[in-house]
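This report describes a ligand site and the pocket that holds the ligand. The account begins with the lining of that pocket and then turns to the ligand.

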Amino acid sequence: MIVTVQQHILQDQKRFPGASGEFSWLLSGITLATKMVQARVRRAGLSDILGDAGDINVQGEVQQKLDVYANEALMHCLSARTSIGVLASEENEKPVIMGHRSKEANYAVVFDPLDGSSNIDVNVSVGTTFSIMRRPEGVGCDEPEKWLLQPGSKQIAAGYVCYGSSTILVYSVGNGVHGFTLDPSVGAYLLSHPNIRMPQQGKYYSVNEAYRDGFPPGYNEFIDRLRLGALGQRYASRYIGSMVADFHRTLLKGGVFLYPPTAEHPKGKLRMLYEANPIAYLVEQAGGVATDGRRRVLDLQPTAIHQRTPLIMGSTVEMAEFQRCVPHENSL
Ligand code: P6P
């Protein structure tokens, strides 16, 4: 049976009795923007013919860098939703307060419009990540930070789009994780991965081993135990260098992904609000575990919109071994 993402969202939104369709209307803004982005990502290799960023292309349009285009597509499609009061993006230093300042604006959306965009030049998968929070009680439009600086456990929805060999949207509104593959012939996201569960154990670990000299104590022991078969099998290494692609594989196949503290990024490289939090939300919804190396990611209290965090996430078996090698404040 063919189920579009719109039908699925409508079925899901029944979980938000007060939503009265505003929530599904909000999510449709994201799906529309990502369809626009994927059309450009698919043509990225033609930029020499169509002109690089800053050039005027054959249609007389100013060519934009893809991440700028993706940011503008999301900003444009989401600002048309009066249910949204605040938008924040990896591409914008400050949050954007919606001009309508509508009293019904109950949601904030924070996103990375095109994560891993440096990989586009070599035709590697890239992604869009998003996180949706509800406006805290009593907070007005003039305090946008308060809408955003909430622990990841306050997210009411999160997801990503992976622009890979196909374009797949994966999201959760708190009742499981569902994947939708774009059918370009009709321009619709169709349900292809209902109720995704992360396998309890995988066979890959995913980390940039070039930085291992700077990992904190316990990390290299953990990786070596996986490599040498301490969990009943010798793991293989898979590292794409595009978080959404590395996460998507881990979600479907199991295993573990790590971006630890490194010498260059002692607080981690990935962004808390729009990379780690949505990913950690999906991980837990799919039955996995996500920590910053000491605490559950979703418990972290952000203090700045673009702050970074270490991120270690994956299947329960590997993550239990990780916590044996790297002590946590409490076991997850
Ligand atoms: P490194 C891409 O630039 C990114 O932000 C993530 O998508 C990816 O997981 C990470 O950086 C890769 O970083 O240091 O391994 O190249």
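In this predicted model, the lining of the second largest pocket comprises seven nonpolar, seven polar and ten charged residues. The volume of this pocket is about 470 Å³. Its lining is formed by 24 residues, of which D115, G116, K269, L270 and E275 are the closest to the pocket centre. Four elements each supply two or more residues to the lining: β3 (107-115), α7 (243-253), β11 (256-259) and β12 (270-271). The greatest contribution is that of β3, which gives three residues.

The second largest pocket is also where the ligand sits. Around the ligand are D115, G116, N208, Y211, Y239, G241, S242, M243, Y259 and K269. Classified by residue type, this shell contains four nonpolar, four polar and two charged residues.

Three side chains place a polar atom at the following distances from an oxygen atom of the ligand.

| Residue | Side-chain atom | Ligand atom | Distance |
|---|---|---|---|
| D115 | polar atom | oxygen atom | 2.5 Å |
| Y211 | polar atom | oxygen atom | 2.6 Å |
| K269 | N or O atom | oxygen atom | 3.0 Å |

How much of the ligand's exposed area does the protein bury? Taken alone, the ligand exposes 400 Å², and 81% of that area is buried by the protein.

Two of the residues in the table recur in the description of the pocket: D115 and K269 are among the lining residues closest to the pocket centre, and a side-chain atom of each lies at the listed distance from a ligand oxygen atom.

Conventions
Residues numbered from 1 in each chain as written. Predicted model: local features only at pLDDT ≥ 70, side-chain atom pairs only at ≥ 80, totals over all residues. Heavy atoms only, no water. Near = heavy atom within 4 Å. Polar contact = N/O pair within 3.5 Å; in protein donor to acceptor, adjacent residues only side chain to side chain. Areas by Shrake-Rupley, 256 points an atom, 1.4 Å probe, with all protein chains shown as cover. 1 Å grid on protein atoms, 1.4 Å probe; cavity = no way out; pocket = protein on both sides within 12 Å on 5 of 7 lines; lining within 4 Å. Sits in = over half its atoms within 2 Å of the grid points. Nonpolar A, V, L, I, M, F, W, Y, C, P; charged D, E, K, R; others polar. Points joined across faces, edges and corners; volume = space filled by probe spheres on them.
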